[in-house]
Every structure is written in structure tokens, then in C-alpha cells.
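Here is a short report for a newcomer to this structure. It visits a few selected sites and the aromatic rings.

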Amino acid sequence: MNITILGSGSWGSALAKVLSDNQHQVTIWGIDPHVVDEINHQHTNSHYLKDFKLNDEIKATGNLEEAVAKADVILFAVPTQAIRKVAQQINILLVKKEAKPLIIHVSKGLEQSSHLRISQVIQESIDPAFYKGIVVLSGPSHAEEVAREDLTTVTAASDFLALAEIVQDLFMNHYFRVYTNTDVIGVELGAALKNIIALGAGILHGLGYGDNAKAALITRGLAEISRLGVRLGADPLTFLGLSGVGDLIVTCTSPHSRNWQAGNLLAKGLTVQEVTEEVQMVVEGIFTCRAAYELSQQYRVEMPITNGLYQVLYQGADVKEEVVQLMTRSGKQEASLAQHNENVNAEKGK
């Protein structure tokens, strides 16, 4: 199939390799002419994936119309806050296409102004008459490791199982395994919200805390991700899967994660602006934290970790003091499975 990847960053490039390995014709669209030229002539993308060579068959272009002209599949791999703008441009171009492409997105975040999930932004920006459907591809997957063919498993989610199965077939090979899911809300929220907890994991590392603290953060982070997710209509079991606890573990325990890197730098005293400049790539968790905090206030969902990070990122709070605040809150009961199910049913009844 002819597949166009929108975004020439690390994840778009790594997925281009997977698809090219599977004998698909892959075109990468990017806005940086130097990156486009490097992919076409040197078959590398050294800024985003060091010491890695792309397949010679992968092509790149800076011309969006050229990129989508023959595309059977359009894959969004641009930062969350750029999704709407790019999707609106795609909408104009799809008017000219006779064949409807399938749309996939692999970005992990919430639109800051609207708090919408990425599939919702795409649905608002592209006329549904112009495409076959939308599939979310998400899970525990560092681009660097996918590029070197480390074993990776992810989830393809769509409201229509048949579309998720198409994406499963597109990507499956000996090092990249894809499961299917129909809980788009849960998969997208798990992918977005785990970036907030990964910021916290980086902070704990930067402050010198050990494995006990990391385990506590991941476990309680999953609890508040699930609380907000269920309130917004997700299946709670999704958060026990690859796009939930799986993605949470990999992002909270690895220096590959730019969100982990950002948290680590925050703990060392850098400002948010300095952190962004140091990481040199979009830190989705910074934007998502604000959106999730505002959603938690709107829906009255308790999210103490998210709240603490919001205070650090947007209110100038001291990192160490926020850790103390989290640890000295009033005592709570850890919910049993029966209590959890009761709470889920209560939330769904609202």
C-alpha cells in the first residue's frame, strides 16, 4: 500500500521503517527541508534517530499535496498541538482525491485549548466523507528501540474492529506485534495521561528517590488515569493493557522518554522554558498536564499527582514541596476490586 507519514520526527521515521520492512511504499512529509533532504540523499534522520539508517526505498517530501496524492493510508505523527492545523490542510487536499484513505494517528496528547482527544480533533477538522475511518496506534514503544528492531507490542484501536485489523496487518512482523481494541477513548487517554506521570518519574529520579517511590508513582498514577478515563467513558480494563499500564511502565522507567528527561531536568532546577530547549523535542506531558488538570476540575475527579505537577509547571510551585504535599495528604483507603467496580458503575451513571 502507499502510506504517507505526516511528521519527520523520531516516531514517524521509526514507523516508516516498520512499514517499509513490510513491503509498503512509504513517503514521509516534513516541514524541515534539511531533514527531508537528509532522508532522501543520505537515508538517515540524524537529529531524531542517531546512528540509524532508513531503508533506501523510503522517500521524503516537503510538499503536502504531493505526499497525500496517492496515499491509501495517511498516518499522523505530528505533535498534538499541530494536529488540527495539519488536518485542516489535509481536508482541503482530500477533496481532490477519488479514493478515500484510511487515517491513523500515533500522537499522544490532548488538545490544550479544547481538551479534545486527537481522534476528535481529526473528526472536527476533516470531513468524514473524505476518509474511511480513524485508527489509533499506541502502546509502550520507544522509537529508538523500534528502529533497531527490539521486540515491541502496541494496540490498534478503532470504533470499527475491521479497521483496527487492517492496521494490525499493515504493521505486524517479527519484531512489531499489534493487538486490536475498540475502546478508542481508553487507548487515547492512556497514551496521553501517562506522559504526565512520566514527568513525575523523571522528577523523582532527579531528586534522588529510589525504586519504592517509582513503584508508588506508577501505581497511584495509574489509579488517577483510570479515574479520569472512566469518567470520560473509557473501559477501565483498557488501562490494564498495552496503552495503559504498558505505556506507563515504559515511559516512567526509561531515559529514552522525553517526558522523563523533562521531569529529571525540572528536579535539577531548570525552568519549563529551559527544559523545552534542552530536550529539543516536544514534551507532550507539559501540555497534557494542563488539559488534564482542567478536566479534573471540570468533572471533579481527584488527580493529586496531576494537580501537583500542574502547580510546578504553571504556578511556579517548588518541586520538593509538592512531593511533600503528596506524601502528607490525609490517609486514604486503597479501593478493592468490588469498590472499584461500584465506583465505575456510579461514574457511568452520571
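Start with T80. T80 lies in the loop that runs between β6 (73-76) and α4 (83-94). Keep in mind that the model is predicted. Is T80 buried or exposed? T80 is buried, because its relative accessibility is 3%, and the cut-off for buried is under 20%. Which residues does T80 touch, once neighbours within four places in sequence are set aside? The contacts of T80 are S107, K108, G109, L110, E111, I118 and E284.

**A glutamate in helix α8**

Now turn to E188. Helix α8 (residues 184-206) holds E188. E188 has a relative accessible area of 4%, so E188 is buried as well. What does the side chain of E188 make a polar contact with? The partner is the side chain of H105, at 2.7 Å. H105 also appears among the residues that E188 touches, when those up to four places away in sequence are not counted. The others in that list are R117, I118, S119 and V136. I118 is one of the residues in contact with T80 too, so I118 is a contact of both T80 and E188.

**Aromatic rings**

Next come the rings. A pair of aromatic rings is described by the distance of the centres and the angle of the planes. How many aromatic pairs does the whole structure have? A search finds three. Two of them are set out here.

| Pair | Centre to centre | Angle between planes | Class |
|---|---|---|---|
| F171 and F176 | 5.9 Å | 40 degrees | tilted |
| Y293 and Y310 | 3.8 Å | 5 degrees | stacked |

Why is the pair of Y293 and Y310 stacked? Its planes are at 5 degrees, and stacked requires planes under 30 degrees apart, so the pair qualifies. The pair of Y293 and Y310 links distant parts of the chain. Y293 sits in helix α13 (residues 284-299), and Y310 sits in helix α14 (residues 304-315). The two are 17 residues apart.

Are these rings buried or exposed? F171 and F176 are both buried. Y293 counts as buried because its relative accessibility is 16%. Y310 is buried too, with a relative accessible area of 10%.

**A tyrosine cluster**

Ring pairs join Y293 and Y310 with Y314 in a cluster. Y314 has a charged neighbour as well. R290 lies over the face of Y314, 5.3 Å from the ring centre.

Methods
Residues are numbered from 1 along each chain as its sequence is written. This is a predicted model: local features need pLDDT of at least 70, side-chain atom pairs count only at pLDDT 80 or more; totals for chains, interfaces and linings use all residues. Side-chain values use heavy atoms; hydrogens and water are left out. Helices (H or I, at least four residues) and strands (E, at least two) are DSSP runs, numbered from the N terminus. Buried means under 20% relative accessible area, exposed over 50%, partly exposed in between (1.4 Å probe, protein chains only). Contact means heavy atoms within 4.5 Å. Rings of Phe, Tyr and Trp (its six-membered ring) pair if their centres lie within 6.5 Å; planes under 30 degrees apart count as stacked, over 60 as edge-to-face and the rest as tilted. A charge sits over a ring if NZ of Lys or CZ of Arg is within 6 Å of the ring centre and within 35 degrees of the ring normal. A polar contact is a pair of N or O atoms within 3.5 Å; within protein, one must be able to donate a hydrogen and the other to accept it, and residues adjacent in sequence count only if both atoms are side-chain atoms.
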